[in-house]
Amino acid sequence: PYVFDFSSGSTAAEFTIDYVDPSDGGHNADFPSATIAEKKITADGTAWMYMDFQNGIGRTNYGFYDPAGVPDSPSVPFHPSIVDFPENISYQSYFSGATNFAVSMQGYDLDIAYEFTGFVDGWGTVILPDDQGEHNCIQVNYEEKYTYYWMSTPIQVSYLRSYYYIAEDIGIVAIITSREEEAPVPNNFNI
């Protein structure tokens with residue numbers, strides 16, 4: 001087991017995540033199956049991710065609404081929806097998925113093929129800041145690949161790698177994410 005100490009560290013960017021009714025913000029029309037929304041508030045604005053937690057399946061993700069990140073087409077439904085975290089995750093669990101979505105950016109209509117893999121490659125104790133205590137957790141190594149298409153032609157491939165720290169009975173308590181790269185991001189990327 002490892003000790004993942006987040007009791008101090010970078011405070012360069014802060015954001016708040018709340019779980020709200022899908023109707024919060026009034027942007028849920030493109031996500032009719034969502035039963036909950038993850039509302040993320042940052043200095044740049046507010047975005048919503050539309051989901052459902054299904055027994056025996058996991059966290060189903062239907063897409064997102066992000067007026068700051070995708071101002072020309074902020075409503076982005078996934079076709080098909082994805083289960084981005086299965087219901088049961090334990091040490092050495094492996095899961096993957098893929099979907100497609102469309103966005104308009106700077107006058108270009110893009111189709112994006114999205115793929116991800118998750119592998120639980122660590123476990124132990126996570127230490128949280130602000131006297132939130134110590135908790136048993138797992139570390140999920142999460143790799144994402146985005147292939148951007150314009151007029152059916154691939155024009156760019158981007159990769160991200162994240163480490164999610166999930167504490168039992170709490171959920172995701174910390175995330176470390178790489179910068180977007182043009183090649184697969186190694187496990188030991190610079191933080």
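The following exercises, each with a worked solution, concern the structure shown above.

The structure is a predicted model, in which local features need pLDDT of at least 70, side-chain atom pairs count only at pLDDT 80 or more, and totals for chains, interfaces and linings use all residues. Residues are numbered from 1 along each chain as its sequence is written, and side-chain values use heavy atoms, with hydrogens and water left out.

**Exercise 1. The nonpolar cores**

Task: State how many residues the largest nonpolar core has, and which strands supply at least two residues each.

Solution.
Step 1. A nonpolar core is a set of buried Ala, Val, Leu, Ile, Met, Phe, Trp, Tyr and Cys residues joined through side-chain atoms within 4.5 Å. Buried means under 20% relative accessible area, exposed over 50%, and partly exposed in between (1.4 Å probe, protein chains only).
Step 2. The largest such core has 21 residues, and F85, F101, V103, Y114, V140, Y142 and Y146 have the most contacts inside it.
Step 3. At least two residues of this core come from each of β6 (75-86), β7 (94-105), β8 (108-127), β9 (134-150) and β10 (153-167). Strands (E, at least two residues) are DSSP runs, numbered from the N terminus.
Step 4. Another core, of eleven residues, lies apart from it; V126, Y159, Y163 and A174 are among its members.
Step 5. A general tendency may be recalled here: in soluble globular proteins, nonpolar side chains tend to be buried together.

**Exercise 2. The contacts of F85**

Task: Identify which residues F85 touches, not counting residues up to four places away in sequence.

Solution.
Step 1. Contact means heavy atoms within 4.5 Å.
Step 2. By this criterion F85 touches I57, G58, R59, F95, V140, Y142, Y164, I166 and I172, with residues up to four places away in sequence not counted.

**Exercise 3. Salt bridges**

Task: Determine which residues are joined into one network by salt bridges that share partners.

Solution.
Step 1. A salt bridge is a side-chain nitrogen of Lys or Arg within 4 Å of a carboxyl oxygen of Asp or Glu. The structure holds four salt bridges.
Step 2. One of them joins the side chains of R59 and E38, at 3.7 Å from N to O. R59 lies in strand β5 (residues 58-65) and E38 in strand β3 (residues 36-42), so this pair ties together parts that are 21 residues apart in sequence.
Step 3. The side chains of R59 and D84 also meet in a salt bridge, at 2.8 Å from N to O. Because R59 lies in strand β5 and D84 in strand β6, the pair ties together parts that are 25 residues apart in sequence.
Step 4. R59 is buried, with a relative accessible area of 10%, and D84 is buried, with 4%.
Step 5. E143 forms a salt bridge with R161, the closest N and O atoms being 3.3 Å apart. E143 lies in strand β9 and R161 in strand β10, 18 residues apart. E143 is partly exposed at 23% relative accessible area, whereas R161 is buried at 9%.
Step 6. The network that results from shared partners consists of E38, R59 and D84.

**Exercise 4. Backbone features**

Task: Locate the cis peptide bond, and state where D131 and D169 lie.

Solution.
Step 1. The peptide bond from H79 to P80 is cis, with omega near 0°; P80 lies in strand β6.
Step 2. D131 is not a glycine, yet its phi is positive, at about 55°. D131 lies in the loop between β8 and β9 and is exposed, with a relative accessible area of 82%.
Step 3. D169, likewise a residue other than glycine, has a positive phi near 65°. D169 lies in the loop between β10 and β11 (171-177) and is exposed, with a relative accessible area of 79%.

Key:
Helices (H or I, at least four residues) and strands (E, at least two) are DSSP runs, numbered from the N terminus.
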